Amino acid sequence: MEKERLLTVRNLHAKAGDIDILQGVDLTVNAGEVHALMGPNGSGKSTLAQILAGRDQYEVTEGEVIYRGKNLLELAPEERACEGLFLAFQYPVEIPGVNNTYFLKAALNAIRKHRGEEDLDAVDFLALVKERLQLVEMDPSLLSRPVNEGFSGGEKKRNEIFQMAVLEPILAILDETDSGLDIDALRIVAAGVNRLKRPDNATVVVTHYQRLLNYIVPDFVHVLIDGRIVKSGDKNLALELENRGYDWLEEQPKGRRKTPQRGALVS
Amino acid sequence: MTPLAHDLNSYQAGFEWRERHGGGDDPVWLREMRGKAIAQFLDTGFPGTDEEEWRFTNLAPIAERSYRLPEFPTLEASTIRRIASLPVVAAAHCRLVFVNGYLIPELSSTSHLHPSVQLQNIASAALTSDSIVERELSQYAAVSKSSFTALNTAFLHDGAYVRVVPSQAVDEPIYLIYVTVPAADPVMIFPRNLILIGENSTAKLVEVYLSLADGIYWNNAVSETVIGEGARLEHIKYQLEAESAFHISTQQSHIGRDAVYSSTSIAMGSRLARNNLNAILAGMGGECTLNGLYLIAGNQRLDNHTLIEHTVPECASHELYKGILNGHSHAVFNGRVRVRPGAQKTDAKQTNKNLLLSNDALVNTQPQLEIYADDVKCTHGATIGQLDEEAVFYLRSRGIDLEAASGLLTYGFASDVIDRVSVEPLRNLFNDALRERLPQGLPD
């Protein structure tokens with residue numbers, strides 16, 4: 001059976017202000033797949049993730065993104081979310097005064113409304129929340145706190161995956177979810193992501209290091225350098241990057257790079 | 001007929017009329033106090049914008065109008081029912097309700113009153129020659145320093161007297177509710193409160209100012225609050241005046257040794273309002289928290305002037321005022337923290353944050369630190385801005401549309417202050433009022 005095509009990125013170019021960041025990204029994601037998007041700092045990984053989620057501070061100058069048959073770039077961020085796209089933020093935003101549960105209920109019901117489903121009532125919602133909390137072993141007291149306010153780095157990342165567990169996206173993009181997590185938290189978060197995996201959804205894991213991929217095993221690994229995917233492969237590519245760094249994949253500088261890049265830590 | 005007060009002479013005439021009609025029966029000390037106050041007011045008149053304290057707030061709309069002194073209101077049964085069913089009145093189990101400045105016993109309720117609390121109207125307390133009222137009234141809010149305190153004192157005929165004896169924990173909040181029933185002629189009302197919290201006692205006190213309908217009137221209120229040694233008071237003020245009304249309020253608080261005073265001022269009403277909030281940390285180890293939220297729109301003008309005086313060492317003060325402005329509204333925040341010579345180890349923090357929802361709204365924010373001691377920690381910060389774009393994007397990325405995301409963030413901005421109020425029914429009322437006034441609406 002042919003897998004459903006969820007995302008097609010074709011020749012995507014984007015800039016922030018005057019700086020070219022994406023310079024022709026091509027990427028295809030099908031249902032049931034896990035993709036890892038790797039690359040050195042400043043290569044454009046997070047920019048790609050943010051553009052897919054609808055952040056408007058970047059200007060797309062060329063190319064297209066088709067998400068489940070729709071022109072993704074024409075959709076507002078909330079429409080993308082309602083269509084099943086989810087971005088786990090690298091830096092989750094603190095929202096003082098807005099209760100975590102209230103926020104999540106508003107989000108879930110907005111998505112359900114979009115799908116033509118009834119709002120979940122308080123009882124069903126709380127049951128769902130309780131169940132999904134366990135998936136990421138998150139402290140329930142965080143639910144009644146304002147969104148991310150005063151959360152530790154690890155708690156914020158767990159909260160992202162918890163939101164993902166409740167909202168059940170079709171395409172989840174995890175932007176550096178591993179940064180700031182200790183090894184135990186990493187394992188828990190990864191286990192949560194793995195348990196949310198279904199044949200009809202897909203995950204794109206954006207990461208700098210191979211470490212996370214020990215726990216979330218990718219079907220495909222892509223290396224983004226200077227705003228372009230320069231190499232794709234299977235999970236072994238990640239191991240190779242771990243050993244050799246990114247240098248061997250980088251072209252000679254063309255004067256466009258903002259900062260000199262360094263290789264991975266282990267050589 | 002009561003005289004009109006269109007210039008200073010008319011205040012003099014109003015004063016004389018009042019002294020002839022009822023005021024003459026009051027104790028001599030009270031009459032003398034009023035006499036000095038009216039002389040003071042006539043001497044100084046209304047302050048102008050050339051005075052530093054009034055730079056951003058032009059009082060002309062108040063000063064150029066005439067006001068009548070209201071007579072005791074004869075309320076129809078339906079009006080009584082309407083007032084009784086106001087959410088804030090219904091939520092207040094223990095309350096004095098004043099209408100147009102007069103205590104209305106049938107609307108008041110003291111059945112839940114803690115036995116250690118004396119809750120009376122000043123008129124009765126003064127008339128029964130309460131020696132404490134005689135001693136304490138007008139000892140804290142200085143007539144010589146403020147025209148509005150002078151005017152309030154000159155027309156001091158009624159208000160609330162709250163006294164908690166030492167070493168009592170009073171859980172039930174005490175409400176002082178000032179309702180105005182506007183008439184065709186604008187009235188001026190002078191609520192006056194004297195609040196005495198005895199040593200090591202705790203209490204919660206709520207002042208409410210609201211109107212039954214829109215109309216022009218002027219409330220000029222003064223509250224004097226004394227928090228005894230080791231006592232704790234949570235003092236909440238809810239200003240929900242009519243949109244054409246004027247509101248001037250002076251809250252003067254005297255905080256004793258190791259006492260904890262926490263004030264929350266929620267202001268949503270009136271066309272022109274000024275809050276003077278002065279807290280004096282008078283004993284070592286005292287703590288003062290001033291929180292405020294103002295939510296204004298249209299052509300509303302709202303001015304918060306706060307003063308925290310650290311007169312002795314080792315006191316702490318925290319201040320957080322937040323404002324949400326829409327339309328052509330204009331807010332002023334002036335936060336003065338004065339650290340007197342010798343007030344070492346003072347720890348003072350002040351924050352004022354403003355959210356502008358329209359291009360035409362205006363804020364003047366001004367922290368003023370006057371520090372005359374060298375071993376102190378004083379910080380202040382002020383922000384004026386729009387909604388945080390990152391936060392808007394975060395909410396939208398979860399499926400919440402732009403409108404609802406804006407509403408949610410605005411709500412969150414405000415509930416940050418509301419959530420600090422410990423009285424749950426009040427928090428709910430504030431949140432309801434907030435929701436009603438949010439321009440963007442909220443998710444269910």
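Colleague: Why is E370(B) called buried?
Modeller: Its relative accessible area is 17%. The cut-off for buried is under 20%, so E370(B) counts as buried. Keep in mind that this is a predicted model.

Colleague: What makes R336(B) buried as well?
Modeller: R336(B) has a relative accessible area of 15%. That is under 20%, so the label is buried.

Colleague: How do you know that E370(B) and R336(B) form a salt bridge?
Modeller: Their closest N and O atoms are 2.3 Å apart. The rule asks for a Lys or Arg nitrogen within 4 Å of an Asp or Glu carboxyl oxygen, so the pair passes. It also links distant parts of the chain. E370(B) is in strand β19 of chain B, R336(B) is in strand β17 of chain B, and they are 34 residues apart.

Colleague: Which residues join these two in one network?
Modeller: Salt bridges with shared partners bring in E53(B), R274(B), D303(B), E309(B), R338(B) and R340(B) alongside R336(B) and E370(B).

Colleague: How many salt bridges does a search of the whole structure find?
Modeller: The search gives 34 over all chains.

Colleague: What makes K3(A) and E33(A) a salt bridge?
Modeller: The closest N and O atoms of K3(A) and E33(A) are 3.2 Å apart. K3(A) lies in the segment before β1 of chain A, and E33(A) in the loop between β2 and β3, so the pair ties together parts 30 residues apart in sequence.

Colleague: Why do K3(A) and E33(A) get their accessibility labels?
Modeller: K3(A) has 46% relative accessibility. Partly exposed runs between the 20% and 50% cut-offs, so K3(A) is partly exposed. E33(A) has 4%, which is under 20%, so E33(A) is buried.

Colleague: How do you know that E4(A) and R68(A) pass the salt bridge rule?
Modeller: Their closest N and O atoms are 3.9 Å apart, and the limit is within 4 Å. E4(A) lies in the segment before β1 of chain A and R68(A) in the loop between β4 and β5, so this pair ties together parts 64 residues apart in sequence. E4(A) has a relative accessible area of 39%, so it is partly exposed. R68(A) has 35% and is partly exposed too.

Colleague: Let us turn to S147(B). What makes it buried?
Modeller: The relative accessible area of S147(B) is 11%, under the 20% cut-off, so it is buried. S147(B) is found in helix α8 of chain B. Leaving out residues up to four places away in sequence, S147(B) touches F41(B), T44(B), G45(B) and P47(B).

Colleague: Why is the pair S147(B) and T44(B) called a polar contact?
Modeller: Their side chains are joined at 3.4 Å. The limit for the N or O atoms is within 3.5 Å, so the distance fits.

Colleague: What is the domain assignment of chain B?
Modeller: Domain 1 covers 74-388 and domain 2 covers 389-444. Their C-alpha centres lie 25 Å apart.

Colleague: How do you know that domain 1 and domain 2 of chain B are in contact?
Modeller: Contact means heavy atoms within 4.5 Å. By that rule, 29 residues of domain 1 of chain B are in contact with 25 residues of domain 2. The two bury about 2,300 Å² between them, 75% of it on carbon and sulfur atoms. K322(B), L387(B) and D388(B) supply 24% of the area on the domain 1 side, more than any other three residues.

Colleague: What makes K322(B) and D416(B) a salt bridge?
Modeller: Their side chains meet at 2.8 Å, N to O, and the limit is 4 Å, so the rule is met. The rule finds one salt bridge across this domain interface.

Colleague: How many residues of chain B are in contact with chain A?
Modeller: There are 22 residues of chain B in contact with 32 residues of chain A. The buried area is about 2,200 Å², and carbon and sulfur atoms give 64% of it. F393(B), Y394(B) and R398(B) supply 38% of the area that chain B buries there, more than any other three residues.

Colleague: Why do R396(B) and E78(A) count as a salt bridge?
Modeller: The N to O distance is 2.6 Å, within the 4 Å limit, so R396(B) and E78(A) qualify. Two salt bridges are found across the interface of chain B and chain A.

Methods: Residues are numbered from 1 along each chain as its sequence is written. Chains are lettered from A and ligands numbered from 1 in the order in which they are written. This is a predicted model: local features need pLDDT of at least 70, side-chain atom pairs count only at pLDDT 80 or more; totals for chains, interfaces and linings use all residues. Side-chain values use heavy atoms; hydrogens and water are left out. Helices (H or I, at least four residues) and strands (E, at least two) are DSSP runs, numbered from the N terminus. Buried means under 20% relative accessible area, exposed over 50%, partly exposed in between (1.4 Å probe, protein chains only). A polar contact is a pair of N or O atoms within 3.5 Å; within protein, one must be able to donate a hydrogen and the other to accept it, and residues adjacent in sequence count only if both atoms are side-chain atoms. Domain bounds come from an automatic or database domain assignment. Buried area is the accessible area (1.4 Å probe) that two parts lose on being put together, summed over both.
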